[in-house]
Structures are given as structure tokens and as C-alpha cells.
Amino acid sequence: MTAELNPLVDEARRTGTISGLPGQHWIDGQRCPSVAGGRMETLDPGTGRAFATVAAGDAADVERAIAAARKALTGPWGSMVPAERGRILARTATLIRACADRLAIVEALDAGKRLVEAQGDVGGAARAFEYYSGACDKFQGSSIPLGPDYIAYTRHEPIGVVAQIVPWNYPISTLVRGLAPALAAGCTVVAKPAEQTPLTALMLGEILAEAGLPAGVFNVVTGTGAKVGEPLVAHPGIDHITFTGSVATGIRVMQNAAPQVTRLALELGGKSPVIVLADADLDAALDGVMGAIFENAGQICSAGSRLIVERAVHDRFVEMLVERARGLRLGHGLRDVDMGPVNSLAQIERISGFVERARRRGAAILCGGRIATDPETGLGWFYEPTILDGLSPDDEAIQSEIFGPVLCVQVAETVEHAVTLANGTPYALVAGIYTRDLSNAHRIAARVDAGQVYINEFFAGGIETPFGGNRASGFGRAKGLEALASFSKLKCVTARL
Ligand code: NAD
């Protein structure tokens with residue numbers, strides 16, 4: 001916590017905003033307005049009211065940002081020794097920590113997060129820069145033994161200009177987990193934050209400049225997917241795309257990247273299972289499942305949105321869950337609440353549509369199931385913590401990503417059945433397992449299709465642990481040392497001596 005925290009929270013609660021927010025694109029190391037002069041509002045989901053405006057860009061702004069990023073590849077950044085890149089990233093981590101509360105409050109207002117969650121995201125962003133700062137000068141190639149008459153070695157070369165498309169649910173976290181390894185590998189970046197949550201990306205531009213990042217290495221163009229995202233991913237000046245968002249948009253991005261044969265990594269959605277076996281520590285599992293689905297009001301790609309529970313403990317465990325879910329206090333993220341708002345009216349309507357259709361199909365709605373407002377103000381976009389039971393494995397609510405605080409319960413007769421249910425959707429992002437039998441847990445871990453498996457703690461791990469999906473959840477891996485490889489081109493040099 002910094003000395004800024006309480007005065008800033010007071011200001012935000014009194015005025016609905018905070019002063020000094022950035023409102024222009026960040027291109028070539030400076031703030032700049034849209035070429036066409038467009039502006040757009042950004043809304044606080046906790047009140048439904050606009051609290052800031054930013055530039056609304058288009059293809060002309062994208063063009064300027066890509067030109068700056070291409071030029072920066074061959075400027076001081078291109079010739080900088082890796083250890084110096086590392087020092088810039090380390091200074092960035094320090095500067096993020098110095099203004100962590102300001103960043104967290106802006107993130108809480110923009111995304112509708114609880115302050116404590118936003119503080120976690122900002123702390124994670126600092127940690128990501130710290131982690132990759134130490135990797136810059138250790139990202140080594142290898143030598144390949146071909147006998148006495150040859151020498152062969154590999155080089156990791158920066159992939160070039162990276163386009164990074166970011167969703168609204170974890171704005172700073174998702175941006176930084178792509179940006180920090182891209183910079184560590186020596187790339188330059190043009191980022192497009194989600195139109196709902198543009199602010200922390202712009203603030204990061206200024207922080208990186210203060211840390212010594214040369215102009216043009218990191219650029220941010222704000223605006224919609226149609227006007228900024230489309231021309232960005234289709235541009236021949238882009239060498240790699242990191243896209244995080246929905247499956248439908250991911251497919252469109254692939255199609256737009258294909259004519260230029262642009263490399264890409266897709267981090268898409270999920271419908272992740274949490275398996276609770278009869279021998280689990282049910283209190284630990286209760287904490288795990290609650291966090292897995294109600295953290296960030298369920299708007300998490302890796303949310304544990306399906307509980308797969310063994311029949312022997314179904315009734316007892318579901319009763320514990322319902323009691324806990326009914327006790328959650330909803331409200332604006334800058335107050336002391338248990339669950340914040342949903343990010344937009346469109347998202348509320350989407351969640352409500354899924355629950356109403358499940359209700360009509362005869363699903364048991366064990367708690368929640370209604371749109372709500374902040375009980376203190378009557379404002380904002382909230383949805384009650386909801387638990388659905390009695391759904392068949394092919395039900396729409398089991399098969400689709402709802403992306404809200406809605407948990408779907410499935411009953412498993414055996415461990416074998418639990419694995420079958422876990423693998424029974426198009427998605428394969430993460431899976432959780434709660435059991436006291438660790439041998440069994442590792443056998444299940446090998447058989448569930450997921451990019452990452454959490455045993456006895458959902459969301460275990462950090463920037464060190466690789467993250468990504470299989471099948472409809474996408475491909476490529478963020479975080480860990482694996483992420484560095486995705487931002488480099490491997491070159492093999494072979495010489496006859
Ligand atoms: P979205 O696909 O609507 O938008 C994501 C981003 O893509 C936004 O910045 C948007 O402006 C941009 N965009 C939209 N159309 C575009 C186009 N034609 N070309 C280029 N860019 C375009 O997704 P969303 O609703 O913002 O985010 C929620 C989705 O993101 C969920 O499905 C969630 O699971 C997924 N997500 C995945 C991860 C992960 O790591 N796997 C993390 C967070 C969110």
C-alpha cells in the first residue's frame with residue numbers, strides 16, 4: 001500500500017473518477033490524438049457511468065504506431081545489449097510498485113474489479129517485469145555436435161513487431177504477460193487494449209518511458225476491434241500476433257492474419273472443470289471452488305465454471321457451496337465487498353440469457369439467477385452468484401462459456417466418469433482436482449485435456465508457470481520461459497570448417 005491509496009479512493013468515490021488520467025494514444029514515446037480526432041467514453045461498471053474519455057483510433061493511427069514500432073527495431077533498442085534491456089524491465093517493475101495503488105484504482109474503476117483483486121493484478125504485472133528482467137541475458141542458444149569438420153549453433157532472434165490484442169477482464173495482467181517477454185526477447189509492440197478498459201495500458205506506456213524504454217518500442221492504440229484490431233492484425237508490418245479474447249474473434253484474427261502468413265498465439269475461452277472427489281478435504285475444496293467461479297465475478301478465461309463432484313459428497317458439498325454463495329456481498333469494487341460488478345450491460349444480458357434458457361429447460365437454480373444492482377446506490381451491472389444443477393452433459397450451459405458468476409454442477413459416479421465429463425466440452429484450458437490421494441490426482445492430471453492442471457489449489461502458480469489452452473481454448477503458451485520462445489525466431493547457423 002502506498003500513501004496515495006486512501007486519498008485516491010476518497011477522490012474516486014466522491015467524484016466518480018480520478019484526476020490526471022491519460023486520454024490519448026501512446027505512439028513513438030508520446031501521447032497523440034487520433035488522426036481523425038475520434039474520442040470514446042470508458043464506463044465504470046460499478047455505476048454504469050462514464051468516468052473518462054480516450055482517443056478512438058482507426059487504421060491511420062495503427063499505421064503510425066506500426067511505423068514507429070518498425071523504426072524502433074533498428075534504433076537503439078535493436079543494438080542494446082540484453083543486460084541493459086533487463087535493467088529497463090527491472091526499473092519498470094520498481095516504478096509499477098511505486099504507483100501500484102493508482103494503477104489498481106484505475107483498473108478497479110475501468111474493469112469493475114474489487115480493489116483487492118486489482119491490487120493483485122498490478123502486483124502480478126510488476127512481478128512479470130521482474131521475472132523477465134532476469135531472463136534477458138540468459139536466453140541462450142545451443143551448439144549442435146556435427147563432428148570435427150563443422151560448427152553449428154542456434155540463435156534466438158527477436159521476432160520483430162508484435163501486435164497484442166487484449167480483452168477487458170484482466171487488462172493489465174493480460175497485456176503485461178505478453179509485453180514483458182516480448183520486450184525481454186528484443187521485440188517491439190503495438191498493443192490494442194479492449195475498448196472497455198483502455199486506461200492502464202496507456203499508463204504503462206508512460207511508466208516504460210520513465211524506465212528508459214526507447215521511443216517506439218511500446219505503442220498503444222485505443223479503439224474498437226473493428227476499427228483498430230482488424231487493420232492491426234491484417235497489417236504486413238506485423239510479425240507476430242498475441243490475441244487474447246473470445247473464440248469467435250480469435251477465428252477472425254486467424255483469417256485476417258493468414259494472407260500475410262503472420263505467426264500468432266491465441267489465448268481463448270474456457271469451460272474449465274473442478275473435480276472434487278469423495279476423499280477431498282471439502283473445506284479446502286469449498287474455498288477453491290468459490291474462488292474459481294466468483295473471483296472477478298466469474299469473468300476469467302480459466303474460471304472453474306463446472307463443478308464435477310463425486311456422488312457420495314454431492315449433496316453435502318453443494319449445500320456448503322450454496323450457503324457460502326448466498327452470503328457473498330455485492331457492491332462497487334472500491335468498497336469492502338465480496339463480489340464486484342460484471343463489466344458491461346451486454347455481458348449482463350449474455351449471462352442472464354444463459355440462465356433464463358437453463359431455467360426454461362428445467363435446470364435447478366440453487367441460488368442466484370437474477371440481475372442485481374449495487375445495494376448501496378441502486379446503480380451498476382451486477383449478477384447474483386448463481387449455481388445450476390441437474391444439467392445434462394450436452395446442455396448449452398455445460399458446453400458454452402458463460403463468462404459470469406454462474407457455476408454448473410455435474411455429478412460423477414466414478415473417477416473414470418469424472419475424467420470423461422471433464423473432457424466433455426470443446427474447451428481445454430485448465431482443470432482443478434481436489435483429492436487426498438495424490439497418486440490418483442497425478443493419474444487424472446495426465447488424462448484431462450488442459451494446458452494446466454491445479455491439484456488441491458485452484459489458480460496455483462504464477463508468472464513462472466506456463467499458461468495456455470488446447471482445442472477451442474487456443475494454442476501457444478504465455479508465462480514462464482516458454483513465452484520467450486514465442487517471441488523469437490530460431491536461426492540455425494552451420495559452417496564447414
Ligand atoms: P473479444 O474477442 O470480444 O475481444 C477481445 C479483444 O479483441 C478486444 O480488444 C477487442 O476489441 C478485440 N477485437 C474484437 N474484434 C476484433 C477483430 N475483428 N480483430 C482484432 N481484434 C478484435 O473478447 P472479450 O469479450 O473482450 O473477452 C472475453 C473473452 O476473452 C472470453 O472468451 C475469455 O475467455 C477470453 N479470455 C481468454 C484468456 C486466456 O488467457 N485464454 C484471458 C482472458 C480472456
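## Contacts with the ligand

In this predicted model, an oxygen atom of the ligand is found 2.5 Å from an N or O atom in the side chain of R177. K192 also approaches the ligand, with a polar side-chain atom 2.9 Å from a ligand oxygen atom. At V166 the contact is made by the backbone, where an N or O atom is 2.7 Å from an oxygen atom of the ligand. On its own the ligand has 850 Å² of accessible area, and the protein covers 89% of this.

## The shell around the ligand

The ligand is surrounded by 28 residues, of which R177, E195, S246, L268 and E401 come nearest. By type, the shell consists of 13 nonpolar, 8 polar and 7 charged residues.

Several elements of secondary structure contribute to this shell. Helix 9 (225-233), strand 10 (240-244) and helix 10 (247-257) each provide at least two of its residues.

## Salt bridges beside the ligand

Two residues already named for their ligand contacts also take part in salt bridges. R177 is paired with E267, with the closest N and O atoms 3.5 Å apart. E267 belongs to strand 11 (residues 263-267) and R177 to helix 7 (residues 171-184), so this salt bridge ties together parts that are 90 residues apart in sequence. Both E267 and R177 are buried.

K192 forms a salt bridge with E195, and here the closest N and O atoms are 3.4 Å apart. K192 counts as buried because its relative accessibility is 3%, under the 20% limit. E195 is partly exposed, with a relative accessible area of 28%.

## Salt bridges in the wider structure

The structure holds 30 salt bridges. One of them joins the side chains of E130 and R97, with an N to O distance of 3.0 Å. This pair links distant parts of the chain, since E130 lies in helix 6 (residues 115-133) and R97 in helix 4 (residues 82-98), 33 residues apart. E130 is partly exposed at a relative accessible area of 34%, and R97 is likewise partly exposed at 40%.

A further group of residues forms a network: R13, R335, D374 and E376 are joined into one by salt bridges that share partners.

## A nonpolar patch on the surface

I144, L146 and Y150 make a nonpolar surface patch of about 250 Å². Y150 is part of strand 6 (residues 150-158). The relative accessible area of Y150 is 38%, so this residue counts as partly exposed.

Conventions: Residues numbered from 1 in each chain as written. Predicted model: local features only at pLDDT ≥ 70, side-chain atom pairs only at ≥ 80, totals over all residues. Heavy atoms only, no water. Patch = residues over 30% accessible without salt bridge, like charges linked within 9 Å, V, L, I, M, F, W, Y side chains within 5 Å. Areas by Shrake-Rupley, 256 points an atom, 1.4 Å probe, with all protein chains shown as cover. Salt bridge = Lys/Arg side-chain N within 4 Å of Asp/Glu carboxyl O. Helix = DSSP H or I, 4+ residues; strand = E, 2+ residues; numbered from the N terminus. Buried < 20%, exposed > 50% of the residue type's maximum accessible area, 1.4 Å probe, protein only. Near = heavy atom within 4 Å. Polar contact = N/O pair within 3.5 Å; in protein donor to acceptor, adjacent residues only side chain to side chain. Nonpolar A, V, L, I, M, F, W, Y, C, P; charged D, E, K, R; others polar.
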